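User: Please take a close look at one helix in this chain and what surrounds it. I would like the terms explained as you go.

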Amino acid sequence: MLSAEAFREAVTNQGAALTGSMRLGIIPTLAPYLAPILLDGLMDTLPQMKPELRELVTGDILDLLSQGRLDAAIISLEEEEVHRSTAVPMFDEPLVALVAADHPWAGREDLQPEELDSQPLLLLDEGNCLREQTLALCQRYGSQPPLAVATTLSTVIRMVAHGSGITIIPEGALRMLPPQEDYAVARFAGRGPVRHMNLVHRTSSSRGAEFKQLAEVITDLVGKAGLPMLPIEA
């Protein structure tokens with residue numbers, strides 16, 4: 001039997017797949033370069049759907065999902081970390097190290113995660129999931145706390161360019177950086193660390209099949225736009 005919430009959704013949508021308003025949350029470290037692609041691509045691919053994108057940190061996204069104030073969201077979390085929600089895996093996004101232009105790592109393609117332990121680390125604040133993913137790469141965080149914590153990625157990047165430390169960013173964010181020579185990129189050897197991108201929706205939703213279709217559409221748009229992405233490894 002459908003829950004009351006699921007029944008209301010089914011009546012509202014009247015069986016129409018991916019039509020009407022879609023309140024879609026998106027995390028701040030992804031929104032700047034994915035939101036424009038989604039707005040243009042979804043308009044062409046799903047013309048009957050009206051996406052309403054909302055940039056929010058992960059905790060707020062999960063709260064609004066549970067309250068029914070978002071329909072779905074694009075976040076980076078392990079599936080077991082998503083409570084009362086269902087995560088539809090989409091793709092993996094590579095992570096890279098951003099360093100000052102004169103840093104010894106500048107331009108490296110063989111970085112090992114354990115090397116991060118010896119570096120002054122700049123992080124985003126606790127509301128951002130990228131912070132946790134960065135800390136997961138650093139084995140001795142307890143004995144070497146981060147040098148500084150900032151609210152926005154742009155602030156962290158400016159601090160890196162100033163030579164204050166290094167940070168970890170999604171590779172897709174590189175296309176948003178201003179053209180300057182104050183910073184450089186160091187990539188990890190092999191597949192390297194990634195963040196897992198998921199489309200998340202309430203488990204009680206009656207639109208599970210639609211959200212799975214939407215996840216496939218978004219993944220296709222990401223690939224066509226040339227954003228860095230890797231297939232999810234089993």
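Analyst: What follows describes helix H2 and its neighbours. The model is predicted, so local features need pLDDT of at least 70, side-chain atom pairs count only at pLDDT 80 or more, and totals for chains, interfaces and linings use all residues. Residues are numbered from 1 along each chain as its sequence is written, and side-chain values use heavy atoms, with hydrogens and water left out.

The chain holds six helices and nine strands; these are DSSP runs, numbered from the N terminus, with at least four residues for a helix (H or I) and at least two for a strand (E).

Helix H2 covers residues 31–45, and its axis comes within 10 Å of the axis of helix H6, residues 208–224, crossing at roughly 115°. Axes here are lines fitted to C-alpha atoms over the stretch in contact, and angles run from 0 to 180 degrees between N-to-C directions.

On the H2 side, Leu34, Ile37, Leu38, Gly41, Leu42 and Thr45 touch Leu214, Val217, Ile218, Leu221 and Val222 of H6, where contact means heavy atoms within 4.5 Å. Of the residues in this contact, nine are nonpolar, two polar and none charged; Ala, Val, Leu, Ile, Met, Phe, Trp, Tyr, Cys and Pro count as nonpolar, Asp, Glu, Lys and Arg as charged, and the others, Gly among them, as polar.

Strand E1 (residues 20–26) runs parallel to strand E2 (residues 49–55), joined by seven bridges; strands pair if DSSP finds at least two bridges between them. Leu24, for example, has Leu53 in E2 as its bridge partner.
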